[in-house]
Amino acid sequence: MRIARLTQRRDFLAAAEHGRRFRSPAFTVQVNDQRRDAAESGLRLGLTASRKVGGAVERNRIRRRLRAAAKLALAGQLERPCDVVVVARPETIAAGFSAMVADLSVALDRARPGGNRRGPPSGKRPLPEKPARADSETRFRP
């Protein structure tokens, strides 16, 4: 069975804004469980490799490797209604294939709601709270 593809820019942006993130040495995975289109069911995959990664030959090779790794890693979860975006890094080209497959599997397991992940769901660490100032402390003292 083929993995459905993300083709619309808005879907990539929605995964970046609302999705959970998993970072590995070779790539970043963004998983968005909140879909606009309820009619479509099943997992959709989007791949991104910018010019920072390399020239056209390197980017195409990276996308082929990521697509093959995703086919193996996501085979058992094709019915899960979510969007998965994989953002390549320059290290992707030299990464081991089995490590990429394992990282993609771990990313989806951690991205599940209530899954084993570290930190808040947004992927950002909360800011530490500042202690409340006492009334006696003021900026300007007479």
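Two strands count as paired if DSSP finds at least two bridges between them. In this predicted model, strands S3 and S5 are joined by six bridges and run antiparallel. One of the bridged pairs is Asn32 with Asp83, the latter in S5.

The pairing of S3 with S5 belongs to an open sheet of five strands. The strand order is S1-S4-S5-S3-S2, and the pairing is mixed. Strand S1 (4–5) and strand S2 (20–23) form the edges, each pairing on one side only. Strand S4 (residues 44–48) and strand S5 (residues 83–88) run parallel, with five bridges between them. Here Thr48 has Val87 of S5 as its bridge partner. Arg44 stands opposite Asp83 of S5.

Helices pack across this sheet. Helix H1 (residues 9–18) lies across S2, strand S3 (27–32), S4 and S5. Its direction makes an angle of about 95° with S3. Helix H3 (residues 97–111) lies across S2, S3 and S5. H3 runs at about 35° to S3. The connection from S4 to S5 involves helix H2 (residues 56–73): S4, H2 and S5 make a β-α-β unit, and this unit is left-handed.

S5 is mostly covered, with five of its six residues buried. Asp83 lies in this strand. Residues under 20% relative accessible area are classed as buried. Asp83 has a relative accessible area of 2%, and is therefore buried. The side chain of Asp83 also makes a polar contact with the side chain of Arg44, at 2.9 Å. Arg44 thus meets Asp83 in two ways: the two residues stand opposite each other in the strands, and their side chains are in polar contact.

The largest nonpolar core holds 29 residues. Those touching the most other members are Phe27, Val29, Leu45, Leu66, Val84, Val86 and Leu104. S3, S4, H2, S5 and H3 each supply at least two residues of the core. H3 gives the most, with six residues.

Val86 illustrates the contacts made within this region. With neighbours within four places in sequence left aside, Val86 is in contact with Phe27, Thr28 and Val29. Its contacts also include Leu45, Gly46, Leu47 and Thr48. Leu66 and Leu104 are among its contacts as well.

Key
Residues numbered from 1 in each chain as written. Predicted model: local features only at pLDDT ≥ 70, side-chain atom pairs only at ≥ 80, totals over all residues. Heavy atoms only, no water. Helix = DSSP H or I, 4+ residues; strand = E, 2+ residues; numbered from the N terminus. Contact = heavy atoms within 4.5 Å. Axes fitted to C-alpha atoms, helices over the stretch in contact; angles between N-to-C directions. Buried < 20%, exposed > 50% of the residue type's maximum accessible area, 1.4 Å probe, protein only. Right-handed = clockwise from strand over helix to strand, strands pointing away. Polar contact = N/O pair within 3.5 Å; in protein donor to acceptor, adjacent residues only side chain to side chain. Core = buried A, V, L, I, M, F, W, Y, C linked by side-chain atoms within 4.5 Å.
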